[in-house]
Amino acid sequence: MIKKIIAVIGILVVLLIASIIVLPIVFKDDIIQRAKDEANNNVNAQIDFGEFDLSLLGSFPDFSFSISDVSVIGVDTFQGDTLVYIGDLLLTVDVMSVIGGEQISIKTIAIDDLLLNAIVLKDGTANYDIAKASEEAELEEAEEPADTAATAFKLSLNNFSIANANIVYDDQEGGIYASIVDLDFDLQGDFTEAFTALEISTAIAELTLSKDNVKYLNKAELALLAELDADLENAKYTFKENEFRINQLVLGWDGWVSKPGDNIDLDITFKAKQTEFKNILSLIPAVYAKDFESVQTSGKLALDGYARGTYADPSLPEFGLALQIDDARFQYPDLPKSVENINIKVNVNNPGGSEDNTVIDVSKFHVELADNPIDMHLVLKTPVSDPQIDCGMEGKIDLDKLKDVIPQEEGEELSGLIDMNIVLNGRLSTLEEERYEDFNALGNLNISNMKYKSADLPQSAIIESMDLVFSPQYVELTKFDVTVGNSDFHMDGKIENFIAFALTDSAVIMGAYNLSSTLLDANEFLTEEEAEAVETAEEGDSIHLTVFEVPATIDFKLATRFDKILYDNMIMTDVNGLLTVKDEGVTMKDFQISILQGLVTLNGTYETTNPVRPTVNFDLDIKDFDIPQTFETFNTVQKLAPITESCVGKFSTSLKFVAELDAHMNPDMNTLTGGGRVTTDEVFIEGSETIDKLADLLNNDKYKSMKIEDVKATYEFIDGRLHVKPFEVKVEKSTATVYGSNGFDETLDYTLDMKVPTSELGSDVNVFLGDLLSLANSGGANFKTPDVIEVQVKITGTCSDPKVSLGNLNALGSGGTVKEQIGEKIDEVIEEVKEKVNEEIDKAKEQAEKEAKAAAEKLIQDAEREAAKLIKEAAALAGITKKEGYASADKTENEASNPFQKVAAKVAADVIRKETDKQVDKILKEADKQAKAIVDKAKLNANKKK
């Protein structure tokens, strides 16, 4: 019995081992697809991965899992953007710890070739916010947190490593950008113990960090080697042997950090391990170059700092930093001059508590750049509540000599003179309270003949002259003359609240300026992507621009005058008006622009309170714009009025519109509202597919090239369509009432109620009309050849494939329909019958009176004979009328050939048949009625005579 049990157990073990080996192989494809499906069902992203491997036998007693080419790709707003990519991921777990259950031991997590791209848009939308909301998640959030202390489950990790990682964090909302190139990270330690030693190794080949487009680090090298004693139960970490290096500056750290609860306790000190000036010099991006190792330096450096106490947001611990540089210099071996007498002393201290307790003291700052001395001092107190500043700057800099001390980038040029002597001393509150006498602000900043050229600014910028005069109330720009490439700018005015703007984040800088230019070539300021779009764009294409976000801290008024502006494919001249930059928007008042051989007067606002969807609200008065140039220049016109592609002439319009803009500064047509009125004196149209089809329909090639005169049309934008209200135009010798709409999706829905002279319809149409009239008249009508035919034309389809067809038609013209005219003829016939009957009655009456009683019977007999004759004649007339009417209708339909004739013939034939039937019925009924009346009246008269 025992042998059988052992045999069964053995078989089960073999089957289990076989299953572990075989099942992942047999069902590998199904497992992969099921895993991908489950992952994608739970995120707003596209998750994919390549090969993976599950192994137990090869690594026993460890279980290993590896996977490659893991990617998370964005959808919707971030369509095609890679959020995460992992080249290889390896996980090793102790199998026995999994079986035991109380503590799972992860021996290794290794990631190789990691790409992380985190983006936050200006509206706060983040590409890493990909988790789908679910009812279960909402319920879990509402539930009380679980008592983790009650569970015996534990997780341990021995080694975690990342190799060759590249990370980008682009926070457009906060204005923060960080880039890490080639990051290697390794963490080792036994996390199963309550007290363990941790070893951390980190290396970054390039670190770039900027805030609001100001670079604080540019491709800096970083390295961290740290040994920590970790008290995991009390969450306290004590620094042992460690160093932190950024470029060539190496800092040593001592102390400890703990987080027993919500707050952080710490006692840390740091100090520069080397005292050579060259080490801190490496932090300056302009100086730290490839040949930095060969730079000759001297001087001493002292840098240390500390932080101790408790950090409990918003309360800060006590901290301080001290930097001192004495008698330093540096010189590049290939350059003729050096930077001498560098003496700097900086202290930053805060006793703890509020940020407002921070004191920044730059008591000494002296540098001589190629014999150009610069001196500065600064003391800043209470920086948050009421900044108190004591600052002075003095120096003369010959920029041309900078190339003698600092290597220039390829293509970079810098020259000119800067002369500054500025003193600022006082509290910000004195300026806010307009106690200017208590704030000392004096000095000048003068720049002359300054030229700058670089790879990013190849067209070069030249400041011929700039003079700033400082006072407590304002900074006056007395002169500013600058040339950038082909463009020139001239400005003067006053800047108010400049000091508050410089000291705080919330202050608004104000100013009023006069700005003029003889030429502004805006195309020179395009980004590389925009410039490339211009080069590759076909004729008529527009440049894809990016949203210009208006700062909230600017309140400027600019009285502008530009003689000429080049922008995209437009040439504007005599541009002038008032620009107001305020509240994250730009307002234009009475802004006039000569463009496209006409003049536009613009009033309105462009605002970016929501920078992802800027809005425009404009009122334009456009006079005498050239239509072909307008079509080529504005893609909006191409969508709103596509027929203008085939037009020659000029137009004027008054236009009011409100719209949101997309990321390329193009209007979102579905948000467009407003309208206006357009007028033209004379417009020629030729080469339009729509017009060609209209000419074919009217059987006259003259309409393929037409002249339209005196257009006065009103239009409005509703629900993504341009609606045109009815207006009358002259087209050659014809007139037309036009109305309808076209969508921004290029769909068309227009109606033309045309009055076309018969002579304009072609010879074959006129022959047909003659036959039609003769046939219609043979049925008792009396039609004449009309001078004008009324035609309704329907234009549908799309701009690229228009459909032109006939609507209602009055083929016989003369101000009425065929039905109305035939009806009039029938009434005439009936009226003749009535008159004839009445005449007979009168005759019978006279005869009865003469013959009196003796002739009464004869009167009745004669009346009956007369009535019978009348009925007989009416029946004959009805038969002839019906026969001839139906014959005319049949002949009308059979002889029609082209589309125009068939439509007209069918309308006329149907009307003739219907009206013929009605005519026959009315003739018979009226004859019977009148005949009976004759007899009854004769009998009555006869009785009276008896």
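**Salt bridges and a buried serine**

In this predicted model, Asp438 and Arg435 are joined by a salt bridge in which the closest N and O atoms lie 2.7 Å apart. Both partners keep some accessibility: Asp438 is partly exposed, its relative accessible area being 42%, and Arg435 likewise counts as partly exposed, at 29% relative accessibility. In general terms, side chains of opposite charge can pair when their charged atoms come close. The pair formed by Asp438 and Arg435 belongs to a wider set, since the structure holds 20 salt bridges.

A further salt bridge is found between the side chains of Asp574 and Arg561, with an N to O distance of 3.4 Å. This pair links distant parts of the chain, with Asp574 placed in strand 27 (residues 570-582) and Arg561 in strand 26 (residues 554-567), the two being 13 residues apart. Asp574 counts as partly exposed, at 37% relative accessibility, and Arg561 is also assigned to the partly exposed class, at 36%. Salt bridges that share partners are also present, and through them Asp267, Arg308 and Glu318 are joined into one network.

Strands are again connected by the salt bridge that Arg245 forms with Glu221, for which the closest N and O atoms are 3.9 Å apart. Here, too, distant parts of the chain are linked, as Arg245 lies in strand 10 (residues 236-246) and Glu221 in strand 9 (residues 214-231), with their positions 24 residues apart in the numbering. The N to O distance of 3.9 Å falls within the 4 Å cut-off, and the contact between Arg245 and Glu221 is therefore counted as a salt bridge. Arg245 is partly exposed, with a relative accessibility of 26%, and Glu221 is partly exposed as well, with a relative accessible area of 33%.

The surroundings of Ser465 were examined separately. This residue is located in strand 21, which spans residues 461-470. With a relative accessible area of 14%, Ser465 lies under the 20% limit and is therefore classed as buried. When the neighbours within four places in sequence are left aside, Ser465 is in contact with Ile447 and Ser448 on the one hand, and with Lys479, Phe480 and Asp481 on the other. The contacts of Ser465 thus include residues that precede strand 21 in the numbering, such as Ile447, as well as residues that follow strand 21, such as Phe480.

Technical notes: Residues are numbered from 1 along each chain as its sequence is written. This is a predicted model: local features need pLDDT of at least 70, side-chain atom pairs count only at pLDDT 80 or more; totals for chains, interfaces and linings use all residues. Side-chain values use heavy atoms; hydrogens and water are left out. Helices (H or I, at least four residues) and strands (E, at least two) are DSSP runs, numbered from the N terminus. Buried means under 20% relative accessible area, exposed over 50%, partly exposed in between (1.4 Å probe, protein chains only). Contact means heavy atoms within 4.5 Å.
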